[in-house]
Amino acid sequence: MADKPVYYGNSKSTPLYYSSNGMSYGGPSPIYYGASRPYGQYGSYGSYGSYGAYGGVAGGDQGGNHEGITISRIIRVLGQRWLSIFVFLLIGLIVAFAVYSISPTIYEATSQFTIDMRRSTPSANNPIDQAMADYGNTYVEIFNTRLPEWRSEAIVKKILDQYRLNFPKSSVSDAEILGVLKGSEMELQRNSRNITISVRSKEPEMAMALANSYAQAIENFTEEENRGRCDKAVSQIHSQVEKLRREKDAVAKEILEAKTEHKIDSLKSNAETIKQTLIKTNDEILQLEAQERQLEEWEKLLKIVEKEPDKFGSIPSNVSSAKDIAGEYDEYLKASAEYEACLVKYTEESDVAQAKRKDVELAKTRFIDASKRAYDASVSALASVRNQLAKQRNKLEEVRADLASVGQKIDYAESNLNTKEMDLKTTTELLREMSLKEQEARMEADANNEYVKVGNPATMPTAPVSPKPLIIFGAGIFISIALGMVFVLVLDSLEDTVVNLSDVEGRLALKVLAVFPHVRRKKREHVARFLIEDKYSQFSESVAGLRNLLDTPRYESMTNCILVISTQPGEGKTITSTSLAISYAQTGRKVLHVDFDLRRPRLAKIWNIQLDESRSFSHYLNSHASDESPDFSCLVNKTDTPNVDAICSLPPDGVTPSSIFGSSIVTAFFAWARENYSKIIVDAPPFGLVGDVVSLAVLVDSVIIMCCPDRTHFKPIQFCSRSLAEAGANIIGIVVNDVDIGTNTAFNPAGRHTYGFGYGYGYGYGYGYGYSSMKKAKGDGDNPKPPAGGEDQAPEPVRNSHRLPSGEDLADED
């Protein structure tokens, strides 16, 4: 089934022509003959000259449906739609003010405490290390490990108790305190041992009180843990000391009983001298043994240091070369500290770090050498002590032998007493040693404990931390402006109407021949014949500029027969063809104005001609289609404008226009017209898929397409230009009609190349049609208003407050 046109005569809205088979618009198109510029140097025509943008060079890619995202386009869109962005800004400020108003006022208090953990190298067999909790080696690890305990229920209970102790008269419930503590934060200060506690509350007094109570509770909690760990660490040694003390008391009691029972005091007095010697010798042996043990420990320590220098702690001053070892160890520590500090600024592969590392290795070597020398000295000293000890032991045996000789004189019971005395002495020595160990263990456990001390207590906060007006209002302004910009850019990308001259030349790949200003008249015939009334108006000069452009050598050969078309009603096709015919007639040329809009003829009304069917163009073509030599002169109507003849039609009652177009009589008509007239201006129907315009376009010399800013859609005009070009028509360009140049619009000549002759009419109707002006040409929403008066009244024209207040606006419905 053939595609049928959509009849536009009684449509209340601006109709568009689309194919029933779903043909799409856009895509690649051929290069139009009229879009080339072989005569670009002829006078001021074909460029931005005295009559505005006539014959400008086309550009762009017709295949694309959008201009593309460019900085200039974004700036243009934002400048045109600044009011929408301003509305978004107002909404953003209102929302920000609402958020600021409803947000509660929060105060924050911060207290600070210091943590200290001095831990020696742990040992798996050391009961002290087993009792101490391992929280990590760095303060970050300690903090992260302790954090769950400092937020446990035990700490919360201590915080409540501490708060009640500090503020016994406070009426705040535990639930309120717990609610405030839920939002508290604890943070370890970078590169320090200081930990801050931040508490937020609606009341500044509550924030300060809970921050201080929190820090005090952690301090008390840590002290209790330290006491418990210390007691646990020395419990085993303490039990051994108590056991030895009891054994010592029991042996001393047995000795006293033996003396009383056997009366050996007199015997002892005789042997006192020998015994004193024995005791002295024994003491010397004990001292030598203690010195031997100490030297053995030093030997072990120096041997360990020689293998593992980092485990060196301290060495007694009486050790051989102790000062040298300590000095070398201090140099080693200093070099190691400088190397670690260097790693903070440089990488390990850097020259500075490598140099520092060499210094560390050198200091380490010197330290090991000093330790080795001390070790050798300690070995020699130990050998000397052992020799002395052997001598003393030999002497002890001799004294004991003497004592045994005297003891032989004592009753057998005396020997039992001596045994008990030896047991007492041994037990006493062990007790002394274990007491020293217990004391050392307590000191070590206390040194390995965790110390917490409140440093800076919280003070009363004076300024709230929330809400922050700068952040809220700044975010509101930024987000609202960003949303506004996105909104206007998306809205602009979704629009399909002509906005400015860059849309015409860039997206349609067609040049703009002329820009016609808006004319304030009530009736169509007044607008069409406006050139007769005022020859020096802006509209008249625009038409004259178009006529002069078409008379240049570039267009002269292709403008003897011109077809004026549009893609939809209301774009000024009939008025433009009439004005162009009058303009040509004013130059003395004989002009024929033909009404080929057979479905909706308008020229009879424009030229005020009374017709009957015998002189109706459509009826004549229909009835004489088979004539071999039709006489078209009978259809010619003289107009009141000199040199202008018109051929008009009546509404097509009983006539099928589709059967007329493409017939041989239409070809014969154009041949007759070319023989009798110098210029032929054809008023065609709006372009559709009925084939009318395509049939006419191939019979004329050139085609002019009408365009109205903010009313003409891209897809229909793209489809029109592509279809006509594929049929072989010569499209020379586009005429932009009904432009309000009274304001600073995108088509205002004040913003482009202008030229004035002193008439005060603003010659040179440059391109660029502003978005704000075009929005005024719309009705509700983004679509133009439909005609308000039926078929004979066009849609509401563009209105602007800058025009003179006389008359009413009217746009051509054709």
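Student: In this predicted model, which helix holds Ile-85?
Tutor: Happy to start there, keeping in mind that the model is predicted. The helix in question covers residues 82-102, and Ile-85 sits in it. That makes it helix α2.

Student: Is Ile-85 buried or exposed?
Tutor: Ile-85 has a relative accessible area of 13%. Buried means under 20%. Therefore Ile-85 counts as buried.

Student: Which residues does Ile-85 touch, leaving aside those up to four places away in sequence?
Tutor: One partner, Met-485, is 400 residues apart from Ile-85 along the chain, with their C-alpha atoms separated by 6.3 Å. With residues up to four places away set aside, the contacts of Ile-85 are Leu-78, Ile-481, Gly-484, Met-485 and Val-488.

Student: What span does helix α11 reach from its first C-alpha to its last?
Tutor: Helix α11 runs over residues 322-345, 24 residues in total. Its buried residues include Ile-325, Tyr-329, Tyr-332 and Tyr-339. At 1.5 Å a residue, 34 Å would be expected, and the helix comes close to that with 35 Å.

Student: Which helix gives the most to the largest nonpolar core?
Tutor: That core has 52 residues, and Leu-563, Phe-596, Phe-669, Val-703 and Leu-724 touch the most other members. The helix giving the most supplies 6 residues and spans 664-676: it is α23.

Student: What does Phe-669 touch, again not counting residues up to four places away in sequence?
Tutor: Phe-669 is among the residues touching the most other members of the largest core. Beyond that sequence window, its contacts are Leu-592, Val-594, Phe-596, Phe-617, Phe-632 and Ile-647.

Notes:
Residues are numbered from 1 along each chain as its sequence is written. This is a predicted model: local features need pLDDT of at least 70, side-chain atom pairs count only at pLDDT 80 or more; totals for chains, interfaces and linings use all residues. Side-chain values use heavy atoms; hydrogens and water are left out. A nonpolar core is a set of buried Ala, Val, Leu, Ile, Met, Phe, Trp, Tyr and Cys residues joined through side-chain atoms within 4.5 Å. Buried means under 20% relative accessible area, exposed over 50%, partly exposed in between (1.4 Å probe, protein chains only). Helices (H or I, at least four residues) and strands (E, at least two) are DSSP runs, numbered from the N terminus. Contact means heavy atoms within 4.5 Å. The expected span of a helix is 1.5 Å times one less than its number of residues.
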